[in-house]
Structures are given as structure tokens and as C-alpha cells.
2 protein chains.
Amino acid sequence: MKVTPYQQDFILHFGEMGSRWGISRTVGQIYALLFITEQPLNADDIVRALGFSRSNVSMGLKELQSWRLIQPQHLPGDRREYYRAPEDIWQIFRTLVEERRKREIDPTLSMLRNALMNDRTGTDDEYAQARMQDMQSLIELTTDWLDDVQHLERGTAIKLMKLGGGVSKLIAGRGKRAGNS
Amino acid sequence: MKVTPYQQDFILHFGEMGSRWGISRTVGQIYALLFITEQPLNADDIVRALGFSRSNVSMGLKELQSWRLIQPQHLPGDRREYYRAPEDIWQIFRTLVEERRKREIDPTLSMLRNALMNDRTGTDDEYAQARMQDMQSLIELTTDWLDDVQHLERGTAIKLMKLGGGVSKLIAGRGKRAGNS
DNA sequence: TTATAATTTCAGAAATTCCTGAAATTACGA
DNA sequence: TCGTAATTTCAGGAATTTCTGAAATTATAA
């Protein structure tokens, strides 16, 4: 569980970035450590590696679990709980997108749906409501699409991304053959 | 500049969400107000509407400008500065993506590039470096793709999103006709 | 069951972020 | 240039978030 200087750099960077990502510095560091460590770690391993209090590590692990970013693991003959980051980084990415969406988008979407229930045409709220409508459309289009992409097979998703701007021609071609809204 | 209860709900919600989006509550509220208000507002309008201190509004406007989310505007015959959110919500969305990328992704990418400069094969850092390599590949693939999509025409982007999972067939078809990596 | 290892909870200390009011600076019209 | 309106800066108080240590709880092996 000793952390090399090389690893330390990565861990510290992740800690600092953590704050921009809506997690605390220590939670960021804990995740970084788990991410670059091959074998699962228990809470005391993490305490030793990073020097945080035991309770802080416990809360950090709980938070990472609530994000579904780490997997708890029992090792036979050891009563401690071990944790590791998923091996598949695409899986991590997908989870991250899902969770951020749940926390950062969905509440706004439901607020908007509610605000758009009753029609404010002809009142002082007319412009505001039109703007909310725009926002709702954009968010729904984006998240519906994200849903779709999430369900693409991994290989297809990678192809899609590598295709990049080339997708433009593909769609243009399709548009000529069959109308699309 | 009086805010109706209807508008107030939206503004307060945005304020609360602000914290999850890496801006403060007051900055969130200022943006919400500008977003749902048709005419440009000056700082004092905002003070009157939201009840924050003048200096706080000033700092908030500066921050929103640093995000390029509001446009300052001079009205002739009035020495005050007026601000408004862009009319085109797609434009807002694109700017948001660009700025978040700049703040949340790019620093990590440059750290990774640096860490991958020298080869750690055969050292204790071997696994860590492999993980960083994975992370770099994923981020680069994602951001390169985002770049491409950003440059698509608006209409094409919308078509792409409406297409959703249908893109899968498109790509499969293409894959059969011409090999792609 | 009992003993103890492991984890979690939680009150409050420490650190950070946010916000304000006062003073300084800037920009504009006369 | 001068006077004033508008904006910005900034020190420090307020509020929030983060982190810790001690105590409580939970879980497992004997």
C-alpha cells in the first residue's frame, strides 16, 4: 500500500479536480488511489496510503458507493470489506454520466415539467415560460439521446465516436433517401 | 423588474442547482433571472429583483462573463452596462460544454500526457500507468468527438440526436461496405 | 453467547467558500 | 478637466462544507 511519487502526483491531481466535479478532495483522492491500484483495498489500506482519518475514509467510501463508482468485495477468511474501481473504464464513464444526469439534470427537468403544466400565455410570465419550454426541449432531446447511446454496444459507441464529423455525411445521405424530422 | 411568483420558483431552483454545477447560489439565480427575462438588465435591476448586495451582483456578472454565458450590451444614452443571456439556447449549451471541458477535463488531460511521457514498464507504477493510458484514451476519444459534434451544423446535430439508437444501424451498414477502425 | 475486529455515526473543530459594506477605481457627460 | 454615476476591489464576517476523534453500532470468529 505504499504510494510511489508517480502515483502520488495522479492522486493529488485528482483530489484537486475533485472539487470541480462536485466531490471533496479526499473523496477524489480515494477514488484515484483505487483506480490506479490493481488489487482491492480495505479502509485501513487507504488510511495508511493517504493519511486521512478512518472515519473520513469510511464516509468517502460510502459516497463513492452511492455514485456506484466502486465495487465492495469480500475476501474469504477476512472480515474486512475490500473495494475496487471497475476494470472497464467505459463502464466507469457510463456510470458517471448516469449519476451526474440523475443529480444535475433530472431535478431540473421535473421542475420544468411542473412549470409548464399550466399555460401562462397572456400573462407577465409568457416569455419566461417560452424560455422554460426551450430549455425543456433541449434537455429532453439531449437526455433521450444519451439514453440511446448508453444502450449502444460498446464497439458501436466507439465507432460512432471515431467517426466524428463523418457522421454528418452519413446523416445527409440518409436524409436524401428517407425524410426525417 | 418585478419577479412574479412563477419566475421566482424557477430562479430559486436554479440557485439551488447552482451548487451542483460548480457555481454559487447567487450566480445561479442571476443567470436564471437573465435567462427568463426578455430585455437586458443592468446590475441595479438585478439587485432590486434578487436582493443581493451590489458587489455580489458585480462579481456574479463577472463570473458569468468568464463562462461566456452572458453578453454585455451598451444602450445608447445610458452609461450603465446591460446584460442578457443569448437568445439561442443551443448556443448556451455549446458554450457550457466548452467551458466545462476547459475547466474539468483539459487540466487532467495535460497531467496525463505528462505522466505518460516516460515509460514505467517494469516498475511498481506499471499498472497505474496502464490505467492512466486507458483514461487518456477515453478522454481523448470523447473530447475529439465533442469537438466534431460542436462543429456540426445545428440542424445536423438535432437530426443526429433525434436519430438516437438508429445510428447503430447506420454505422453497421457503413461497416459492411467499408472497413473502419 | 461472548469477545473483539470492523465500520458507522455524529458533534464539533478546521477549512473553505460565499457574501457584504466600505473604499477605491473607472468611465462618462458636461 | 471636473463631477458624478457606475463598477470593482477587498477585508472580514457569515454560512457552508469538510474532516476528525470518540463513542456507538454491527458483524464475525471462537
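This passage looks at how two protein chains meet each other and two DNA strands in a predicted model.

A good place to begin is the contact between the chains, to which chain A and chain B each bring 54 residues. On the chain A side, at least two residues apiece are supplied by α1 (5–20), α2 (25–36), α5 (89–115), α6 (126–151), α7 (154–163) and α8 (167–177). Of these, α6(A) gives the most, with 13 residues. Sorted by class, the side of chain A that touches chain B holds 25 nonpolar, 14 polar and 15 charged residues.

Turning to the DNA, strand C has 22 residues around it, and those that come nearest are Ser55(A), Ser24(B), Ser53(B), Ser55(B) and Asn56(B). Two or more residues of this surface come from each of α3 (43–50) and α4 (54–66) in chain A, and from each of α2 (25–36) and α4 (54–66) in chain B. The largest share, 6 residues, belongs to α4(A). The surface near DNA strand C is made up of 5 nonpolar, 9 polar and 8 charged residues.

DNA strand D is likewise surrounded by 22 residues, with Ser24(A), Ser53(A), Ser55(A), Asn56(A) and Ser55(B) the closest. Here the elements giving two or more residues are α2 and α4 of chain A, along with α3 (43–50) and α4 of chain B. Near strand D, α4(B) gives the most, with 6 residues. By class, the surface near DNA strand D has 5 nonpolar, 9 polar and 8 charged residues.

Conventions
Residues numbered from 1 in each chain as written. Chains lettered and ligands numbered in written order. Predicted model: local features only at pLDDT ≥ 70, side-chain atom pairs only at ≥ 80, totals over all residues. Near = placed C-beta within 6 Å. Helix = DSSP H or I, 4+ residues; strand = E, 2+ residues; numbered from the N terminus. Nonpolar A, V, L, I, M, F, W, Y, C, P; charged D, E, K, R; others polar. Contact = placed C-beta atoms within 7 Å.
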